[in-house]
Amino acid sequence: MRKPLVAAFIALAIAGAGAAPAVAAPVSGAPAGEASAAVSTASAVADAADTKAAASPTLQAVTLAGTVALSNCSGSLIRFPNSLDTAPALVLTNGHCLETGFPTPGQVLVNRTSSRTFGLLNSAGTKVATLRASKIAYGTMTDTDAAVYQLTSTYGAIRSSYGISALTVQDTHPTAGTAITVASGYWKRLYSCNIDGFVYRVKEGDWTWKDSVRYTSACQTIGGTSGSPVVDQATGKVVAVNNTGNEDGESCTVNNPCEVDASGNVTVRQGINYAQETYQFPACFTTGNQLNLSAAGCALPKP
């Protein structure tokens, strides 16, 4: 979780220099991150990712097609293995990217009316459409950091009009060592690395997330990449949603998540970034993409 750039620029102007405060702010029309370094860092990371992509054929399967840009974050057009083409399409992002602000610990938002818009990108990162939500189907920062919006358009209509298909969410637990790409619709950048492992608990400020994905150090994601799909390079399926990283080496504070093991031992990994698994979501949605938290196998936090 990181501060929106507009707010960070204001903070820098007031302070004169230095990093912006590491306090999250509501959605304000710009992505989260450290203002003065964000663009240059994004370019450097993108150059590295582009070089790696050129050297590794498996990366060619992962593009920006199906990603979306939010006002303050990234996201993706997703479907589940059993989703019908006639069902209203869905967008996946982080719970901390909701226009309603950060959900409090224990809070779960279900079927909240929303008219939020998303810029749909093609493989080259060009915006081809503006999609609109009808509601926040699900959103929380408890146990995970994820939100799913239902759109006013169906998958079939989107594909017919814009030639873009939704990314499929994998319905099984990801595997350590998997080659992945974090695809940021906001920055129009790809970050490639591997799943380093899984963390029993990631704690950041007042929030705690379970069984989180830890990246290897090559994925130096920045503010604005929050909500990006984490795509398995071998299958093209979404296995997680990018959400945070330890910026300053602090322990368990906002923008400085820590790792907590089953015995309560705390580990801080400055510069390492994390994502939240998404394999739990397919069991909680019907073929028509209607949320059913009482469905067999659905283990998402409930209101």
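Let me begin with a charge and a ring: the charged end of Arg201 sits over the ring of Tyr200, 4.0 Å from its centre. There is another arrangement of this kind to look at, in which Arg79 lies over the face of Tyr155, at 4.6 Å from the ring centre. Before I go on, please keep in mind that what we are looking at is a predicted model, and that I will be careful to speak about the model and nothing beyond it.

From charges over rings I turn to rings beside rings, of which the structure holds five aromatic pairs. In one of them, the rings of Phe80 and Phe285 have their centres 5.0 Å apart, and because their planes stand at 35°, the pair is tilted. Where do these two residues lie in the chain? Phe80 belongs to the loop between β2, residues 74-79, and β3, residues 88-93, while Phe285 belongs to the segment after β16, residues 273-277, so the pair ties together parts that are 205 residues apart in sequence. Both Phe80 and Phe285 are buried, and for Phe80 we can give the reason in numbers, because its relative accessible area is 1%, whereas a residue counts as buried under 20%. Phe80 has a further distant partner along the chain, since its C-alpha atom is separated by 8.4 Å from that of Leu167, and these two residues are 87 residues apart along the chain.

The next pair joins two strands, and here the rings of Phe118 and Tyr149 have their centres 5.1 Å apart, with planes at 65°, so this pair is edge-to-face. Phe118 lies in strand β5, residues 117-121, and Tyr149 lies in strand β7, residues 146-154, so the pair ties together parts that are 31 residues apart in sequence. As for their surroundings, Phe118 is buried, and Tyr149 is buried too.

Now I come to the disulfides. A disulfide, for those who have not met the term, is a covalent bond between the sulfur atoms of two cysteines. How many disulfides does the structure hold? There are four disulfides, and if we count the bonded cysteines along the chain, they follow the pattern 1-2, 3-4, 5-6, 7-8.

One of them joins Cys193 to Cys219, with an S to S distance of 2.2 Å, and the link of Cys193 and Cys219 is left-handed, with -100° about the S-S bond. This pair links distant parts of the chain, with Cys193 in strand β10, residues 189-204, and Cys219 in the loop between β11, residues 207-215, and β12, residues 229-232, the two being 26 residues apart. Cys193 is buried, with a relative accessible area of 1%, and Cys219, at 1% relative accessibility, counts as buried as well.

Cys252 and Cys258 form another disulfide, with their sulfur atoms 1.9 Å apart, and because the torsion about their S-S bond is about 100°, this disulfide is right-handed. Both ends are hidden from the surface, in the sense that Cys252 is buried, and so is Cys258.

In the disulfide formed by Cys284 and Cys298, the sulfur atoms are 2.0 Å apart, and the torsion about the S-S bond is about 100°, so this link is right-handed. Cys284 and Cys298 both come from the segment after β16, 14 residues apart. Cys284 is buried, with a relative accessible area of 0%, and Cys298 is buried with a relative accessible area of 10%.

Let me move to an open space in the model, the second largest pocket, which has a volume of about 180 Å³. Among the residues that line this pocket are Asp143, Lys210, Asp211, Gln276, Tyr279 and Pro301, and β11 and β16 each supply at least two residues of the lining. By class, the lining has four nonpolar, three polar and four charged residues.

Asp211 brings me to my last topic, the backbone. Most residues other than glycine have a negative phi. Asp211, however, has a positive phi of about 50° although it is not a glycine, and this residue is found in strand β11. Is Asp211 buried or partly exposed? At 24% relative accessibility, Asp211 counts as partly exposed. Asn255 also has a positive phi, of about 75°, although it is not a glycine, and its place is in the loop between β13, residues 238-245, and β14, residues 258-260. Asn255 is buried, with a relative accessible area of 3%.

Terms used: Residues are numbered from 1 along each chain as its sequence is written. This is a predicted model: local features need pLDDT of at least 70, side-chain atom pairs count only at pLDDT 80 or more; totals for chains, interfaces and linings use all residues. Side-chain values use heavy atoms; hydrogens and water are left out. Rings of Phe, Tyr and Trp (its six-membered ring) pair if their centres lie within 6.5 Å; planes under 30 degrees apart count as stacked, over 60 as edge-to-face and the rest as tilted. Helices (H or I, at least four residues) and strands (E, at least two) are DSSP runs, numbered from the N terminus. Buried means under 20% relative accessible area, exposed over 50%, partly exposed in between (1.4 Å probe, protein chains only). A charge sits over a ring if NZ of Lys or CZ of Arg is within 6 Å of the ring centre and within 35 degrees of the ring normal. A disulfide is a pair of cysteine sulfur atoms within 2.5 Å. On a 1 Å grid over the protein atoms alone, a cavity is a set of points where a 1.4 Å probe fits but cannot get out, and a pocket is an open set with protein on both sides within 12 Å along at least five of seven lines; lining residues have an atom within 4 Å of a point. Grid points are joined across faces, edges and corners, and a volume is the space filled by probe spheres set on the points. Ala, Val, Leu, Ile, Met, Phe, Trp, Tyr, Cys and Pro count as nonpolar, Asp, Glu, Lys and Arg as charged, and the others, Gly among them, as polar.
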